[in-house]
Amino acid sequence: MKVFIYPTNSLILSDLVERFGHEPLALMQEIGKKVRAQGLDSPPLNITPEDPKIGLKYAAVEVPSGVRGRMSLFGPLIQSAEAAIIIRDPVIPFGCMGCARTNELVNFLIRAKKIPLLELDYPSTEDEAKEFVYKISEFLKSLTEKKNEQH
Amino acid sequence: MSNTENPVRIAQLSCGAEYSGIQKEIDSAVEQVNAVMVYPEIDILDIEAIEEDFGLKVASPDLKLMMARAKAIVTGKVHVDAVFVATCFRCAEAALVRSEVRRYIHEKTGIPVISYSFTERTTAGTLLTRMEALTTTARRKSLLAREKQSGLTAGIDSGSTTTKAVIMRDNEIIGKGWVPTVKVLDSAEEAYNDALKEAGIKREEVQALGTTGYGRFLVGEHFKADLIQEEITVNSKGAVYLADMQKGVATVLDIGGMDNKAISVLDGIPGMFTMGGICAGASGRFLEMTAKRLGVSITELGALAIKGRAQNIKMNSYCIVFGIQSLVNSLAAGGNPEDVAAAACHSVAEQLFEQQLQEVDVKEPVIMVGGTSLIEGLPRAVEELLKVKVIVPDNAQYIGAVGAALLVSGFISR
Amino acid sequence: MDTITKMIVINSTKVLPSDIVIKLYESNADVMIKETCFGAMVSGERSVVNSLLNDIRKIDPYGIFIKERGLAPGEPYRCRATRRGGARPGFHNLETEDRMLPHIASALRALDRGEVPGHKQRIKKLDVEKLKEIIESEVSQ
């Protein structure tokens with residue numbers, strides 16, 4: 001299943017989803033597509049002034065251009081998500097995840113989609129990490145079962 | 001700008017520029033002024049500690065990154081000549097950080113900072129004036145520290161509507177010229193000659209000459225000027241000099257014939273500013289047309305406005321076409337000219353507020369300059385709207401010329 | 001061709017980035033390889049990269065973590081060497097996550113041993129009535 005992860009550039013989440021046999025929907029893929037799609041003409045990420053306009057689908061023009069530009073990246077991921085894992089209080093993420101307003105909107109759109117969703121806290125101790133990994137593995141296993149049932 | 005100089009190192013502290021698709025525009029503007037962008041090195045511990053250090057807690061991680069980078073500049077971890085602080089337009093959280101970061105760097109280091117809020121429509125052209133002002137401040141720091149004019153110098157401000165010239169000697173204005181701009185060079189000659197005549201001196205006696213305004217390059221080349229400078233830097237300096245408020249914060253408002261500027265100034269150096277030129281309803285032109293309809297000269301309009309009440313006139317639009325129509329209709333319906341004059345001043349003040357002041361903090365003293373500041377009703381309308389006291393210094397209409405004459409006195413070889 | 005770049009982040013006592021790079025070269029796969037401070041980056045056709053890294057992960061399943069990367073290795077607009085100064089924002093993400101990797105590794109080991117961790121209750125804010133009681137009892141002392 002295609003699993004949306006938040007933070008969408010997380011190494012740990014991306015790794016765990018793949019490790020347990022699913023496809024992480026990570027932002028790096030969207031960036032990769034942009035960067036590779038054509039000659040790099042709007043460095044560094046090849047986001048052009050057209051992208052915040054694409055973002056108008058998700059937020060009106062009164063919402064800052066940086067939010068809308070980021071939404072043009074997140075949009076396709078949210079659309080194709082079949083399940084999602086959201087970390088409620090991630091450690092400081094930057095760049096694509098650097099804007100709190102965008103992150104709020106992304107989280108909302110995922111929750112509103114009513115797909116299988118796991119929300120959990122970022123671990124800070126070894127014990128919490130055990131619970132964190134356990135919950136994620138159980139969630140991903142349940143997705144596999146669901147998928148098998150569907151077939 | 002001469003390319004033989006070392007490039008100016010500008011630190012970019014920004015949030016959202018890449019995602020608004022305008023990083024390329026920033027890079028292009030920077031390249032045109034012979035500067036390079038640098039990104040201050042920080043480590044993760046700096047970012048984690050920054051909110052406590054800085055005392056400002058924000059939700060967006062990239063804003064924390066901005067604060068941490070600002071600290072790296074202040075603590076000398078990275079050496080830069082100037083700082084460009086930019087965030088998305090209409091982001092409240094970012095506006096707070098932008099303003100505090102600018103103040104922090106200025107107060108702790110004196111490194112020039114320009115701040116800007118962008119949208120996806122921001123182009124290299126828009127950024128160029130800002131980068132020009134920023135690199136000038138960095139390259140000519142000692143020049144901008146000048147608080148007194150010395151020797152015998154001249155300044156010419158070649159504006160879109162009028163051309164102004166002044167002659168200054170030992171910190172005094174001794175000659176002035178003010179003519180409507182017809183042909184850029186002819187008008188400059190005329191204004192300069194008027195100023196020289198009033199001062200009673202010959203052109204050869206002038207030790208240094210500076211130009212500013214729209215026609216600065218053409219006029220500067222013609223007169224072999226020692227200094228050709230954009231009007232943001234010159235007007236900031238000129239305003240605090242004329243108002244005798246050279247230290248600390250100030251807000252300079254300049255409603256010109258065709259455009260207007262709002263500049264947030266710190267110790268005479270411009271920080272954040274907006275320039276507008278898309279709406280004639282926010283310019284001196286609107287007042288000029290109102291005066292014409294009222295059958296008074298532009299110099300009489302202000303005194304008339306002071307006697308009137310803007311609230312008595314219903315204006316349906318601030319547009320130079322439809323707004324003027326509203327005023328004409330009011331006159332036809334028996335409205336009195338004083339009220340109409342006051343309403344016109346209010347309309348322009350409101351447009352200044354709507355279009356220019358969205359990104360600039362209004363910190364007192366608020367200094368109004370340029371020809372329109374002499375139309376008394378306008379500073380009054382601005383005072384009422386912004387709830388501040390507005391200062392209009394003597395010779396406010398010569399702001400650019402005075403600023404240029406002051407700055408260029410730094411070029412006189414001792 | 002669907003080209004991708006993947007990052008290998010190593011947090012292991014058993015393997016070094018150089019070991020991984022040697023393994024990658026030994027595979028003779030048609031990929032571009034770059035050793036980095038945190039591990040390695042591999043660029044190439046999606047299926048080739050994925051199957052290659054599947055094998056790499058097996059070298060130390062608890063010490064090797066993998067994610068995709070948008071930009072190619074050494075991208076001049078992002079590379080510290082050509083960008084005058086500070087790291088790209090993503091590097092700080094990686095730094096913060098890297099500190100958590102030993103815990104994640106130990107959690108993965110526990111999972112493989114079949115351990116079921118105890119469920120921890122989230123701590124809720126103190127009830128306002130309770131707080132009032134505490135204040136009153138503190139003040140009366």
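Two residues are taken to be in contact if their C-beta atoms, placed from the backbone, lie within 7 Å. The structure described here is a predicted model, in which local features need pLDDT of at least 70 and side-chain atom pairs count only at pLDDT 80 or more, while totals for chains, interfaces and linings use all residues. Residues are numbered from 1 along each chain as its sequence is written, and chains are lettered from A and ligands numbered from 1 in the order in which they are written.

A convenient place to begin is chain B, which is divided into domain 1 (8-139), domain 2 (152-232 + 399-411) and domain 3 (245-392); these bounds come from an automatic or database domain assignment. Between domain 2 and domain 3 of chain B, six residues of the former are in contact with twelve residues of the latter. The side of domain 2 of chain B that touches domain 3 of chain B comprises two nonpolar, four polar and no charged residues. For this classification, Ala, Val, Leu, Ile, Met, Phe, Trp, Tyr, Cys and Pro count as nonpolar, Asp, Glu, Lys and Arg as charged, and the others, Gly among them, as polar. Taken over C-alpha atoms, the centres of domain 2 and domain 3 of chain B are separated by 26 Å.

Chain B also holds an open sheet of five strands, with mixed pairing and the order β7-β6-β5-β8-β9. Helices (H or I, at least four residues) and strands (E, at least two) are DSSP runs, numbered from the N terminus, and two strands pair if DSSP finds at least two bridges between them. The edges of the sheet are β7 (172-180) and β9 (227-228) of chain B, each pairing on one side only. Strand β8 (residues 208-212) of chain B pairs with β9(B) in the parallel sense over two bridges, and Gly210(B) stands opposite Leu227(B) in β9(B).

Helix α15 (residues 399-408) of chain B is mostly covered, with ten of its ten residues buried. A residue counts as buried if 20 or more other C-beta atoms lie within 10 Å of its own, exposed if 12 or fewer, and partly exposed in between. Among the buried residues of α15(B) are Ile399(B), Val402(B) and Leu406(B). Val38(B), in strand β2 (residues 35-38) of chain B, is likewise buried, with 21 other C-beta atoms within 10 Å. Not counting residues up to four places away in sequence, Val38(B) touches Arg9(B), Ile10(B), Ala11(B), Val80(B), Arg84(C) and Gly85(C). Of these partners, Arg9(B) is 29 residues apart from Val38(B) in sequence and 6.6 Å apart in space, C-alpha to C-alpha.

Attention now turns to chain C. Eight residues of chain C are in contact with ten residues of chain B, and the chain C side divides into one nonpolar, four polar and three charged. The contact between chain A and chain C takes 32 residues from each chain. On the chain A side, α1 (11-19), α2 (27-37) and α6 (126-150) each give two or more residues, and α6(A) gives the most, with nine residues. By class, this side of chain A has 17 nonpolar, eight polar and seven charged residues.

Within chain C, the buried residues of helix α2 are Val49(C), Leu52(C), Leu53(C) and Ile56(C). Seen down the axis of α2(C), these buried residues fall within an arc of 100°, so they line one face of the helix; the arc is that of the directions from the helix axis to the C-beta atoms. Their cover includes β1 (3-10), α1 (17-26), β3 (39-45) and β4 (64-69) of chain C. On the other side of α2(C), Ser47(C), Asn54(C), Asp55(C) and Lys58(C) are exposed.
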